[in-house]
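Please open the model in your viewer and keep the selection tool at hand. The tour below goes from one selection to the next and says what is found at each stop.

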Amino acid sequence: MTAIKPEISWADFEKLDIRCGTIISANDFEKARNPSYQLEIDFGDLGIKKSAAQITAFYTKEDLVGKQILAVVNFPKKQIANFFSECLVLGVYGENHKDVTLLSPSLAVKNGLQVG
């Protein structure tokens, strides 16, 4: 089992901007080192953001389109090969840290709503 990370303050948590969005497209990311998808996610008033996600173990591209997910939207852009990821899609790691189960709201919510 992984050790618990150091304690953070409430102010540290408040720095994260975690929002709900709906995946509007998913494509194979052929230039990624590990099997991944390039996603476009609609965050409502925040607009559409792109993300690269290693979530191919449990999800097909067809499964992902229309799925609501949670993502951190206030990280700086990160270049992965020829792609700029604009948000970090959140999920739970499996035992091997490769199989990821996406986090999503249990009921449909408006895109862009914040997690708190």
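Two strands are taken to pair if DSSP finds at least two bridges between them, and the elements themselves are DSSP runs numbered from the N terminus, with at least four residues for a helix (H or I) and at least two for a strand (E). This is a predicted model, in which local features need pLDDT of at least 70 and side-chain atom pairs count only at pLDDT 80 or more, while totals for chains, interfaces and linings use all residues. Residues are numbered from 1 along each chain as its sequence is written, and side-chain values use heavy atoms, with hydrogens and water left out.

Begin with the sheet: five strands form an open sheet in the order E3-E2-E1-E4-E7, with antiparallel pairing. E3 and strand E7 (88-89) stand at the edges, and because each has a single partner strand, one side of each is left without a neighbour in the sheet. Moving inward, select E1 and E2, which run antiparallel and are joined by six bridges; here aspartate 28 stands opposite tyrosine 37 in E2.

Next, select lysine 49, which has its place in strand E3 (residues 48-53). Lysine 49 is buried, that is, under 20% relative accessible area, where exposed means over 50% and partly exposed in between (1.4 Å probe, protein chains only). Lysine 49 nevertheless has no salt bridge, a term that requires a side-chain nitrogen of Lys or Arg within 4 Å of a carboxyl oxygen of Asp or Glu. The nearest side chain of opposite charge, glutamate 86, is 5.8 Å away, with Lys and Arg counted as positive, Asp and Glu as negative, and His and the chain ends not counted. Leaving aside neighbours within four places in sequence, the residues in contact with lysine 49 (heavy atoms within 4.5 Å) include Leu39, Phe43, Val73 and Glu86.

Now turn to the aromatic rings, where the structure holds two pairs; rings of Phe, Tyr and Trp (its six-membered ring) pair if their centres lie within 6.5 Å, and planes under 30 degrees apart count as stacked, over 60 as edge-to-face and the rest as tilted. Tryptophan 10 and phenylalanine 13 form a tilted pair, 5.2 Å centre to centre with 40 degrees between the planes. Both lie in helix H1 (residues 10-14), three residues apart, about one turn of the helix.

Finally, select phenylalanine 29 and phenylalanine 83, a tilted pair at 5.4 Å centre to centre and 55 degrees between the planes. This pair links distant parts of the chain, 54 residues apart: phenylalanine 29 is in the loop between strand E1 (18-28) and strand E2 (37-42), and phenylalanine 83 is in strand E6 (residues 83-85).
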